[in-house]
Amino acid sequence: MLPGLAYFLLFHYGALAGNVIAFKEYVPFDGLWGSPWVGLGNFRRMFEDGAFWDAVLNTVWIAVLQLVFYFPVPLALALLLHSLTWSTVRRFVQSVAYLPHFISWVIVVALFQQVLGDTGLLNSGLEGMGWRTVDIIGDPDAFRPLVVAQVIWKDAGWGTIIFLAALAQVDEQQYEAAAIDGAGPWRRFWHVTLPAIRPVIVLLLIMRLGDILSVGFEQMLLQRDAVGPEAAEIIDTFVYYQGIVGGDYGFAAAAGLFKGVIGALLVYAANKVAHRLGEQGVYK
Amino acid sequence: MEKPKPVTQAGKALALAAVVLLVCVPFLVIVSTSLASTDEVVANGGWVLWPTEPSLDAYRDILDGGIVTHALGVSAGVTTVGTLLSLACTVTLAYALSRPGVFGGRPVLLLVLFTFLFPPGMIPSFLLVKELGLLDSYASLVLPVLVNVFNLVVLRGFFQGIPEELYEAARLDGAGDWRVLFSVVLPLSKAALAVVGLFYAVAYWNSWFYASLYLESDHWPLQQVLRTYVIAGSGLTDATTGEGTVTAPQTVQMAVLVIATVPILLVYPFLQKYFTKGVLTGAIKS
């Protein structure tokens, strides 16, 4: 147990303690602990920084779009797969659909660039037919739909696992009983399937809400150069560019700490709401 | 139940075909392009769906001892060593936390779970690695991500599912904790170990961000090389491929992509059957 525990103490709690840098002005020569205190100065600067709020706004925007457009996809796909009676086909489609989850963001972004980019597959097709080409990868206005499409491509299949498991636990007899009572496919779906998987849906929704300030750091960082910061800057990339690239560690750590605290509060709040609604939530 | 309507059937078939094609076509195009000849790529405006004269020139070029070869070695090494270390630490901690009555078990569990709720943040982690003197060492790719809480919870849940009688029987036979772990628990946990091992291996293989943070460019793993040469678009030139480049950049880029993807495709079929079981133990117990 010791090596694992040591890891958590050092790399999580050690680093957590390192958040004091958010209240300091980092001087490389003095190190983390020797640097002078500046109180809430970094936070004050952050709240007055327009770029920071732009990043927050972008983060929330992308998170909301993902919630609306990504979240239902795995559920729909799971319902589709579950309704298949031919299990060979089902297993094959499942395997194919899970696969992109294991591909790195670098490769996913490269794939999308190759297909939708300037000289990509789509554009060479359009050009071949004599049509106008479109620049999807470099266009800030197209960025939000693009990142949602990427998330769907990469993780929608993987996301079905948990719904499929929930669906598998629905009692067949309930369907038969409902069918005998004259319920059509839609009524059976509405009154049997949905209530049965409601806890799972609520659970995932809560986890998503609690995580709303984390929207794919690697995904954004990889594409920020192509579309520019107006479109692709989220809190995490803001922290990265201010701190790691810009060397303004205290300021960047303040932004990171802000995100961490809000995120933890959101999980806590979402869980409370789940309990109110009579659901299990993430923890008791 | 009544038979579904033909319209519903057709709709389903269409949706399934779309899912399969959306995943498979991009990979097919990439593999095809990497195998095509320069002339064919140029003639086709950069893209080949089916190469008429497949050749391995692009692969020969990049595997000639240049930066890609080196990066491949780095990635393989970090993935192997990292996965083994991570598994060792996760298994021991998960085993300790799965047994009732271990001294300090509950506080440690809460301590661990709390990190899930409140991650330390990028800047403090970076400064920590820096102050520990790990900059530009391969350890910086492994140590900061040694144990993953999700994987830990999956394994702990699995260990808890092993019948108590087996533990008692082993104890009566005089087995100590290590003996129980190695002779009873681990042999019964092959499925869970396979899944967790795969998750670690994939994470190490796919990681590029820490490399970009902590390593000099001549120590980069494959994904970070891929990022620079394919996404950022710097061409693979003489210096990087070992000798004069004759193949079209496009085919070389695609070849790097393929090399980075193939290991995943190779292990995937073997472990795929364990996913659902492994993921669900984790999800239910947490």
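**View 1. The contact between chain A and chain B takes 75 residues from chain A and 77 residues from chain B.** The model shown here, and in every view that follows, is a predicted one. The size of an interface is often given as the accessible area lost when the parts come together. For chain A and chain B this buried area is about 6800 Å², and carbon and sulfur atoms give 78% of it. Helix α1 of chain A, made up of residues 2-17, gives the most to the side of chain A that touches chain B, with 12 residues. Sorted by class, that side of chain A holds 56 nonpolar, 15 polar and four charged residues.

**View 2. Polar contacts and salt bridges are counted across the interface of chain A and chain B.** How many residue pairs are in polar contact across this interface, with both residues at pLDDT 80 or more? The rule finds seven such pairs between chain A and chain B, whereas the count of salt bridges between the two chains is zero.

**View 3. Chain A has 15 helices and zero strands.** Along the principal axes, the C-alpha atoms of chain A fill a box of roughly 75 × 60 × 40 Å. Of the 284 residues in this chain, 51% count as buried, and the area that chain A exposes is about 13500 Å², with carbon and sulfur atoms supplying 65% of it. Among the contacts in chain A with a separation of 6 or more, 62% are between residues 24 or more positions apart in sequence.

**View 4. A:T59 is found in helix α4 of chain A, which runs over residues 50-70.** Is A:T59 buried or exposed? Its relative accessible area is 0%, and because buried means under 20%, A:T59 counts as buried. The side chain of A:T59 reaches the backbone nitrogen of A:I235 at a distance of 3.1 Å. Leaving aside residues up to four places away in sequence, A:T59 touches A:I212, A:L213, A:V215, A:I234 and A:I235.

**View 5. B:I162 lies in the loop between helices α8 (149-160) and α9 (164-172) of chain B.** Although B:I162 belongs to a loop, this residue has a relative accessible area of 7% and is therefore buried, the limit being under 20%. Which residues does B:I162 touch, if those up to four places away in sequence are not counted? They are B:Y167, B:V185, B:L188 and B:S189. One of these, B:L188, is 26 residues apart from B:I162 in sequence, while the two are 7.9 Å apart in space, taken from C-alpha to C-alpha.

Key. Residues are numbered from 1 along each chain as its sequence is written. Chains are lettered from A and ligands numbered from 1 in the order in which they are written. This is a predicted model: local features need pLDDT of at least 70, side-chain atom pairs count only at pLDDT 80 or more; totals for chains, interfaces and linings use all residues. Side-chain values use heavy atoms; hydrogens and water are left out. Contact means heavy atoms within 4.5 Å. Buried area is the accessible area (1.4 Å probe) that two parts lose on being put together, summed over both. A salt bridge is a side-chain nitrogen of Lys or Arg within 4 Å of a carboxyl oxygen of Asp or Glu. A polar contact is a pair of N or O atoms within 3.5 Å; within protein, one must be able to donate a hydrogen and the other to accept it, and residues adjacent in sequence count only if both atoms are side-chain atoms. Helices (H or I, at least four residues) and strands (E, at least two) are DSSP runs, numbered from the N terminus. Ala, Val, Leu, Ile, Met, Phe, Trp, Tyr, Cys and Pro count as nonpolar, Asp, Glu, Lys and Arg as charged, and the others, Gly among them, as polar. Buried means under 20% relative accessible area, exposed over 50%, partly exposed in between (1.4 Å probe, protein chains only). Accessible areas come from the Shrake-Rupley method with a 1.4 Å probe; for residues, only the protein chains shown count as cover.
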